[in-house]
Amino acid sequence: VEENGEYAICCRIEGGMYPMVSWNGWKYRLNGNYIKPKKIVKTTVEPPNVEYIRKVYNNLFPKDDYICSMYLLDLMRQLKIKMIGLYLLRVKSDRFVYYFPMYDSLGNMVGLKKRNLEGKKWCQSKSRLGIYWPKGFNRTKPTIICEGESDTAAMLGYYSNVLGRPSAYSGGQYLKELLVKCPKVCIIADNELIGLREANRLQGVLGPKSYVVTPGGYKDAREWINSRTFE
């Protein structure tokens, strides 16, 4: 929001008074009801704590490797994906909050992405953004990269060599380090300007062995998969 409250830039909704004014988004005139806060509180970002993250994760359910665990059934049904995707991503839960572990390029767990059945998403405190690295991934085989945990889990229901990143902006350096020996990389972009722009940026990081595809007329990879037309 501009200092005087007259204009704002939105990075997600295309439109506004002007075409994209910068890589940050589109410019909108506000309706005059914006009230500048009396005090701006700056939050302190906690440093990542790998030991703490692992401790939190190890105390979650299921504690065993049972693929049909009742703890994940509600999430599976809501997302309309196969249980194998959640299993391969090592998803665990605390009642109705689901934890997706994130890793660095060496396979170290560096963070936990959380979501609930209402669709709210956030990170465990002391986390660092990493990549979704499923069981059985082979860095020397052709790889698909998805944006977001639900898209990654959905794709793992059909293809085993899949990686994910928490958002369109994250994971580039880890993916570059991990996929040095990978012969071909397919990057699936969300069907929006931000998703496509950042997918193209990731393609530039990974080099000529990578290419970008969009999910046809669908919003993202999960919606595309559920349509049964992506094959």
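Let me start with helix α4, where eight of the eight residues are buried, so this helix is largely enclosed by the rest of the structure. What we are looking at is a predicted model, and I would ask you to keep that in mind throughout. The buried residues of α4 are Glu149, Ser150, Asp151, Thr152, Ala153, Ala154, Met155 and Leu156, and you will notice that charged side chains, Glu149 and Asp151, are among them.

That brings me to Glu149, whose side chain meets the side chain of Lys113 in a salt bridge, with 3.5 Å from N to O. Because Glu149 sits in helix α4, residues 149-156, while Lys113 sits in strand β5, residues 109-116, the pair ties together parts of the chain that are 36 residues apart in sequence. Are these two partners buried or exposed? Both Glu149 and Lys113 are buried. The pair also belongs to a network of salt bridges in which Lys113, Arg115 and Glu149 are linked.

Across the structure there are six salt bridges, and I would like to show you two others. In one of them, the side chains of Asp220 and Lys219 meet with an N to O distance of 2.7 Å, and Asp220 is buried, with a relative accessible area of 7%. In the other, the side chains of Glu198 and Arg201 meet at 3.5 Å, again given from N to O. These two residues are three apart in helix α6, and so they are separated by about one helical turn. As general background, an α-helix has 3.6 residues a turn, so residues three or four places apart point the same way. The two ends of this salt bridge differ in their surroundings: Glu198 counts as buried because its relative accessibility is 4%, under the 20% limit, whereas Arg201, at 43% relative accessibility, counts as partly exposed.

Helix α6 leads us to the sheet that it packs on, so let me describe that next. It is an open sheet of four strands, in the order β8-β7-β9-β10, and the pairing is parallel. The edge strands are β8, at 162-165, and β10, at 210-213, each of which pairs on one side only. On average, neighbouring strands of this sheet are turned by 25° against each other, if direction is ignored. Helix α6, which covers residues 193-206, packs on this sheet and touches β7, β8, β9 and β10, and its direction makes about 170° with that of β10.

Within the sheet, strand β9 is a good place to pause, and we can follow its partners on either side. Three bridges join β7, residues 143-147, to β9, residues 185-188, with the two strands running parallel. Thr143 stands opposite Val185 in β9, and Ile144 has Cys186 as its bridge partner in β9. Toward β10, which also runs parallel to β9, there are four bridges, and here Ile187 stands opposite Val212. Which way do the side chains of β9 point? Val185 and Ile187 point one way, Cys186 and Ile188 point the other way, and all of these residues are buried.

Now let me turn to the surface, where Phe61, Met70 and Tyr71 form a nonpolar patch with about 320 Å² of accessible area together. Phe61 is found in the loop between α1, at 50-58, and α2, at 73-79, and at 36% relative accessibility it counts as partly exposed. Asn58, for its part, has its place in helix α1 and is partly exposed too, with a relative accessible area of 49%. The C-alpha atom of Asn58 is separated by 9.1 Å from that of Lys92, although these residues are 34 residues apart along the chain.

Finally, a few values for the protein taken as a whole. There are seven helices and 10 strands in the protein, and of its 231 residues, 43% are buried. If we consider the contacts with a separation of 6 or more, 56% of them are accounted for by residues that lie 24 or more positions apart. The accessible surface comes to about 13000 Å², and 54% of that surface belongs to carbon and sulfur atoms.

Key. Residues numbered from 1 in each chain as written. Predicted model: local features only at pLDDT ≥ 70, side-chain atom pairs only at ≥ 80, totals over all residues. Heavy atoms only, no water. Pairing = 2+ DSSP bridges. Axes fitted to C-alpha atoms, helices over the stretch in contact; angles between N-to-C directions. Contact = heavy atoms within 4.5 Å. Patch = residues over 30% accessible without salt bridge, like charges linked within 9 Å, V, L, I, M, F, W, Y side chains within 5 Å. Areas by Shrake-Rupley, 256 points an atom, 1.4 Å probe, with all protein chains shown as cover. Salt bridge = Lys/Arg side-chain N within 4 Å of Asp/Glu carboxyl O. Buried < 20%, exposed > 50% of the residue type's maximum accessible area, 1.4 Å probe, protein only.
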